[in-house]
Amino acid sequence: MKKLASVGLGLLMTAATATAQAEEVKIGMITTLSGGGSHLGVDVRDGFMLAIERSGRDDIEVLVQDDANRPDLARSLSNEFMQRDEVDILTGIIFSNLAMAVVPAAVRQGTFYISPNAGPSDLAGRMCHENYFNAAWQNNNLHEAMGAYMKTEGFERPLLLAPNYPAGTDALAGFKHRYEGEVVDEIYTQMGQTDYAAEIAQIRASDADSLFFFLPGGMGISFMKQWENSGVDIPLFGAAFSFDEIIIKAVGSAAVGTMNTSQWAYDLDNEANHAFVEAFREAYGRTPTLYASQGFDTANLILSALDKAHPDDQDAFREALREADFDSVRGEFRFGPNHHPIQDIYVREVVEGDDGQPTNRLVGIAVEDIQDIYHTQCEM
């Protein structure tokens, strides 16, 4: 837990001090800081806190708790934040099954939830809500873009692999939506799985000409290391979730040459991104991942809205969030009618960096102004 600022109260409270206290903003961050996938939560937290610290504001308190990638714990923490701490805004959740356990109840109780990562299809469509915003993407988007890219590149027999949870099913649905062709097979694995021998054997026995997979965090590291030793020789494709800077350095040379899609890249050429990457490296001694960029953008979105309204004025604050009046590190984006981004998705290639370690290099745009397909189901 890190308290950025608080308002000190003396024995005599003036009217001005009482007003300042009423204008304080509490943000509750529930994110994954331990166990599998913890580096995702660490980077979201660090990017978020960097933006808050750089803002220089003294009226914001950020409370951080670890959900340990457990839906029951995430739900309990959200209730504590809302009932005991009376937070104005919730944020931070990484995994879609945890988002589904927390977000619907939170927004119904009048709390704003701003997602820095998880974007399950239900929350973009039939369960959308005026107090829910996603500052990253809808789960399908990056996978849709890779489906479009692989179709353009002439791959005719892809095989698809993902864990069996909301983001995994969204990933494969998204890929197929823009690939618009037949796939050899769809393989669903278990969440947290570390042994992929059976799946690799199934891929080997297929006639696939390529593999598209979504395995975030430690699952991706385990799979890639086993894939390197398998001898299966077909090209690998994925979204940035399986190819962030931490994962590809843990995987090593096996990652070099693979392609992935992302709404952000650390070598994306815009002023806001240059400043962010430099500041993050200086503050934390490492290159940011897309998760850090999402945490940074989420905080700056909130800050831009707070410049115009306090969350107590829900209508005004909601409208200020919709405007997204800040310089995003990903370049331009805007919110669709379901409060999910409409934005460009880029293609990156994993290459050997100057230090001999794998790193991502921006290749180009896969799809411009992508909008999730679920916005038509949103009756907000």
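**Exercise 1. The largest pocket**

Which helices each supply at least two residues of the lining of the largest pocket? Work this out on the structure above, which is a predicted model.

*Solution.*
Step 1. Start with the space itself: the largest pocket holds about 220 Å³.
Step 2. List the residues around the pocket. The lining is made up of Ala51, Arg54, Glu271, Ala272, Ala275, Phe276, Phe296, Asn300, Phe326 and Asp327.
Step 3. Place these residues on the helices. Helix H2 (38–55), helix H11 (271–284) and helix H12 (290–306) are the ones that each give at least two residues to the lining. H11 has the largest share, with four residues.
Step 4. Sort the lining by class: six residues are nonpolar, one is polar and three are charged.

**Exercise 2. The two domains**

Find the domains of the protein and describe how they meet.

*Solution.*
Step 1. Mark the bounds. Domain 1 covers 23–137 + 269–339, while domain 2 covers 140–262 + 345–376.
Step 2. Look at the spacing: 26 Å separates the C-alpha centres of domain 1 and domain 2.
Step 3. Turn to the contacts, where 23 residues of domain 1 touch 22 residues of domain 2.

**Exercise 3. The enclosed space**

Where does the largest cavity lie with respect to the two domains, and what lines it?

*Solution.*
Step 1. Count the cavities first. With a cut-off of 30 Å³ or more, there are two.
Step 2. Take the largest cavity, whose volume is about 120 Å³.
Step 3. Examine the walls of this cavity. They consist of 15 residues, and Asn117, Trp137, Tyr165, Ala167 and Phe214 lie nearest the centre.
Step 4. Classify the lining: 11 residues are nonpolar and four are polar, with no charged residues.
Step 5. Now locate the cavity. Because domain 1 and domain 2 both give residues to its lining, the largest cavity lies between them.

**Exercise 4. A five-stranded sheet**

Trace the open sheet formed by five strands, and say which strands stand at the edges and why one side of each is left without a neighbour.

*Solution.*
Step 1. Write down the strand order, S2-S1-S3-S4-S5, with parallel pairing.
Step 2. Go to the edges. Strand S2 (60–66) and strand S5 (132–134) each have a single partner strand, so one side of each has no neighbour in the sheet.
Step 3. Check the twist, which averages 20 degrees from one strand to the next.
Step 4. Zoom in on one pair. Strand S1 (residues 25–31) and strand S3 (residues 89–91) run parallel and are joined by three bridges. Here isoleucine 27 is set opposite isoleucine 89 in S3.
Step 5. Finish with the helix over the sheet: helix H13 (residues 314–323) lies across S3, strand S4 (112–115) and S5, and runs at about 10 degrees to S4.

Methods: Residues are numbered from 1 along each chain as its sequence is written. This is a predicted model: local features need pLDDT of at least 70, side-chain atom pairs count only at pLDDT 80 or more; totals for chains, interfaces and linings use all residues. Side-chain values use heavy atoms; hydrogens and water are left out. On a 1 Å grid over the protein atoms alone, a cavity is a set of points where a 1.4 Å probe fits but cannot get out, and a pocket is an open set with protein on both sides within 12 Å along at least five of seven lines; lining residues have an atom within 4 Å of a point. Grid points are joined across faces, edges and corners, and a volume is the space filled by probe spheres set on the points. Ala, Val, Leu, Ile, Met, Phe, Trp, Tyr, Cys and Pro count as nonpolar, Asp, Glu, Lys and Arg as charged, and the others, Gly among them, as polar. Domain bounds come from an automatic or database domain assignment. Two strands pair if DSSP finds at least two bridges between them. Axes are lines fitted to C-alpha atoms, for helices over the stretch in contact, and angles run from 0 to 180 degrees between N-to-C directions. Contact means heavy atoms within 4.5 Å.
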